[in-house]
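Student: I'd like a close look at a single part of this model: how its charged side chains pair up, and what surrounds those pairs. Please go slowly and give me the cut-offs as you use them.

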Amino acid sequence: MKQEVENPATYDIREALKCDQLKGNMKRGKIFHGFHEAPINFLPTYKFNPDSDQYDTSVKLRVPSYTDRILHRSKTESDVTCLHYNSVQNIRTSDHRPVYAVYDVLLKPGQESKVPLSTGQFNRQVYMEAAKRRAHGTKMPQRSTICTLL
């Protein structure tokens with residue numbers, strides 16, 4: 001006999017988060033040391049029936065979970081502020097729902113001493129501009145308006 005899977009419209013997010021393995025292991029210091037995640041206020045992002053808003057009704061009856069996450073890390077926790085963290089419920093091409101986040105990030109161009117200057121891991125133009133501003137005593141750092149990280 002097949003069990004009834006909860007309807008996402010009535011799903012209790014707090015109950016799902018109590019069983020969240022990622023958050024539990026992060027709190028115990030077992031994984032992702034120094035990383036942070038914004039509070040989750042959206043439905044579990046996995047396991048939906050294909051092209052549907054209904055959680056798994058197959059024979060397996062997989063438990064809905066938060067498998068798609070965004071974590072961040074910075075030297076100073078106050079340098080990164082999550083403004084919005086959510087899932088996209090109307091993209092139904094998979095059994096997962098994509099998640100996205102919008103951050104306010106304090107940028108300090110050219111102050112990262114561990115990035116090798118010859119490996120192409122930085123934008124030289126930004127580095128040179130930051131060096132000029134520091135040399136001229138221009139107030140640093142500044143907050144970015146728009147920044148895309150890939």
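Tutor: Let's begin with confidence: pLDDT is the predictor's confidence in each residue, on a scale from 0 to 100. The chain averages 79, and 76% of its residues reach 70 or more. This is a predicted model, in which local features need pLDDT of at least 70 and side-chain atom pairs count only at pLDDT 80 or more, while totals for chains, interfaces and linings use all residues. Residues are numbered from 1 along each chain as its sequence is written, and side-chain values use heavy atoms, with hydrogens and water left out.

Now a quick map. The chain has three helices and three strands, arranged along the sequence as α-α-β-β-α-β. These are DSSP runs numbered from the N terminus: helices are H or I with at least four residues, and strands are E with at least two. Confidence peaks in strand S1, with a mean of 94, and is lowest in S3 (residues 142-143), with a mean of 56. Of the 150 residues, 24% are buried; buried means under 20% relative accessible area, exposed means over 50%, and partly exposed lies in between (1.4 Å probe, protein chains only).

On to the charged pairs. Side chains of opposite charge can pair when their charged atoms come close. A salt bridge here is a side-chain nitrogen of Lys or Arg within 4 Å of a carboxyl oxygen of Asp or Glu, and by this rule there are eight of them.

Take Lys23 and Glu37, whose closest N and O atoms are 3.2 Å apart. This pair joins distant parts of the chain, with Lys23 in helix H2 and Glu37 in the loop between H2 and S1, 14 residues apart. Lys23 is partly exposed at 21% relative accessible area, whereas Glu37 is buried at 13%. The pair also belongs to a network of salt bridges that links Asp20, Lys23, Glu37 and Arg69.

The next pair is Lys47 with Asp95, at 3.5 Å from N to O. Lys47 sits in the loop between H2 and S1 and Asp95 in the loop between S1 and S2, so this salt bridge ties together parts that are 48 residues apart in sequence. Lys47 is a buried charged residue, with a relative accessibility of 9%.

Then comes Asp53 with Arg92, whose closest N and O atoms are 2.8 Å apart. Again the pair links distant parts of the chain: Asp53 is in the loop between H2 and S1, Arg92 is in the loop between S1 and S2, and they are 39 residues apart. Both count as partly exposed, Asp53 because its relative accessible area is 38% and Arg92 because its value is 30%.

What surrounds Lys47? One residue to look at is Arg62, in the loop between H2 and S1. Not counting residues up to four places away in sequence, Arg62 touches Tyr46, Lys47 and Asp56, where contact means heavy atoms within 4.5 Å. Arg62 and Tyr46 are 16 residues apart in sequence and 8.9 Å apart from C-alpha to C-alpha. With 28% relative accessibility, Arg62 is partly exposed.

The loop between H2 and S1 also holds two residues with a less usual backbone. Most residues other than glycine have a negative phi. Phe32 has a positive phi of about 50°, and Asp51 has one near 55°. Phe32 lies in the loop between helix H2 (21-27) and strand S1 (80-87), as does Asp51. Phe32 is partly exposed at 43% relative accessibility, while Asp51 is exposed at 64%.

Finally, the nonpolar side. The largest nonpolar core has 11 residues, among them Tyr11, Phe42, Tyr66, Tyr85 and Val99; such a core is a set of buried Ala, Val, Leu, Ile, Met, Phe, Trp, Tyr and Cys residues joined through side-chain atoms within 4.5 Å. Beyond its neighbours within four places in sequence, Phe42 contacts Ile13, Tyr66, Tyr85, Asn86, Ser87 and Val99. Across the chain, 57% of the contacts with a separation of 6 or more are between residues 24 or more positions apart.
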